[in-house]
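Reader: I've got the model open and I'm not sure where to begin. Could we go through it piece by piece?

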Amino acid sequence: MSDNSGLNVIFGTGPLGKAVMRELVRQGQRVRMVNRSGQADEIGEGVEVVKGDVTDPQNARQVSQGASVIYFCAQPAYTKWPELFPAYQAGVIEAAAATGAKLVSGENTYMYGHVEGVQTEDLPYKATTRKGRVRGQMAHDLMAAHQAGRVRATIGRASNFYGPGVLDSTTGDRLFYPALSGKKASTVGKLDVLHTYTYIDDFGRALVTLGQHEESLGQVWHVPSAPTVTSGEFFKMVYEEAGQTPKFGTIPNLMVKMLGLFIPNLREVEEMLYEFE
């Protein structure tokens, strides 16, 4: 059964939050976005942006008043996931419990750990990385809250993003900016290994679909993504679309490790290299 009425509250004004917002605006829905500053650019007409602290349950409840669907699209800095991410989700769960709103969480696939073959929604959570373990515990906690009747929740999962506003990604500014200017792009991992890349607006549209259907609740869903290709094929398509000769290569793993000593975000990438190998 589809539900298209009421207020949609989106926690997070990053690329995924804005992708959800664009789809809701396209449908003529009421949208309130929440972030720490109360300000955001590239926001659709009629969209309300309010200041809020998702780690403060009382504040999270307050900014969610009147919500029929809450979208959890916020995340802390990549280096702070273990310390902060669970508190983000706890605040959103509290808001959904207080308002009775459906809760739609946007996730990645880190919790599965190393997988040989196709990833499906019924895989066990076997991550050995610190970020993967955090994601796995959060997903478990959210579904437990649903099973206990505290919230009505669903999870949409996607692979690495690309698209509008996606800069801090292996397929973000380190690919598209060089491709547009005809310069060489660098990535991590192996170029001849299959890897799924998810267009950010496809992810946003999928989360809205989950939020509008009662049948989605209590389940995990892998969102539709473009056909899986190798990273090299994906990079080549980007350069050809930009009208440029493909020029790209990989950063050796040893170099990633060395640079990670000085660049915190790159240090966090190191434990996830298996995804690209």
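**A pocket, a sheet and a few residues**

Author: By class, the second largest pocket is lined by eight nonpolar, 12 polar and four charged residues. Nonpolar covers Ala, Val, Leu, Ile, Met, Phe, Trp, Tyr, Cys and Pro, charged covers Asp, Glu, Lys and Arg, and the rest, Gly included, are polar. A pocket is an open set of points on a 1 Å grid where a 1.4 Å probe fits, with protein on both sides within 12 Å along at least five of seven lines, and a lining residue has an atom within 4 Å of a point.

Reader: Anything I should know before reading numbers off it?

Author: This is a predicted model, where local features need pLDDT of at least 70 and side-chain atom pairs count only at 80 or more, while totals for chains, interfaces and linings use all residues. Residues are numbered from 1 along each chain as its sequence is written, and side-chain values use heavy atoms, without hydrogens or water.

Reader: OK, the sheet. What is the order of its strands?

Author: The order is 3-2-1-4-5-6-11 in an open sheet of seven strands with parallel pairing. Strands are DSSP runs of E, at least two residues, and helices are runs of H or I, at least four, both numbered from the N terminus; strands pair if DSSP finds at least two bridges between them.

Reader: And which are the edge strands?

Author: Strand 3 (48–51) and strand 11 (220–222), each of which pairs on one side only.

Reader: How many bridges join strand 2 to strand 3?

Author: Four, and the two strands run parallel. Strand 2 covers residues 30–35, and its Asn-35 stands opposite Lys-51 in strand 3.

Reader: What about strand 1, which strands does it pair with?

Author: Strand 1 pairs with strand 2 over five bridges, in the parallel sense. Strand 1 also pairs with strand 4 over five bridges, again parallel. For Asn-8 the bridge partner is Val-31 in strand 2, and for Val-9 it is Ile-70 in strand 4.

Reader: Why is strand 1 called largely enclosed?

Author: Because five of its five residues are buried, meaning under 20% relative accessible area with a 1.4 Å probe and protein chains only; over 50% is exposed, and in between is partly exposed. Leu-7, Val-9 and Phe-11 point one way from the strand, while Asn-8 and Ile-10 point the other way.

Reader: How many residues of strand 4 are buried?

Author: Six of its six, so the strand is mostly covered. Strand 4 is joined to strand 5 by four bridges, running parallel, and Val-69 has Lys-102 in strand 5 as its bridge partner.

Reader: Changing topic: Arg-157, buried or exposed?

Author: Arg-157 counts as buried, at 1% relative accessibility. Its place is in strand 6 (residues 152–157).

Reader: What is Arg-157 in contact with?

Author: Leaving aside neighbours within four places in sequence, its contacts (heavy atoms within 4.5 Å) include Glu-107, Thr-109, Tyr-125, Phe-203 and Trp-221.

Reader: Where is Thr-109, then?

Author: Thr-109 is in the loop between strand 5 and helix 4 (130–147). With 9% relative accessibility, Thr-109 is buried as well. Apart from neighbours within four places in sequence, Thr-109 is in contact with Gln-119, Arg-157, Ala-158 and Glu-275.

Reader: Last one: which helix is Asp-141 in?

Author: Asp-141 lies in helix 4. This residue is partly exposed, with a relative accessible area of 36%. The C-alpha atoms of Asp-141 and Glu-45 are separated by 35 Å, and the two are 96 residues apart along the chain.
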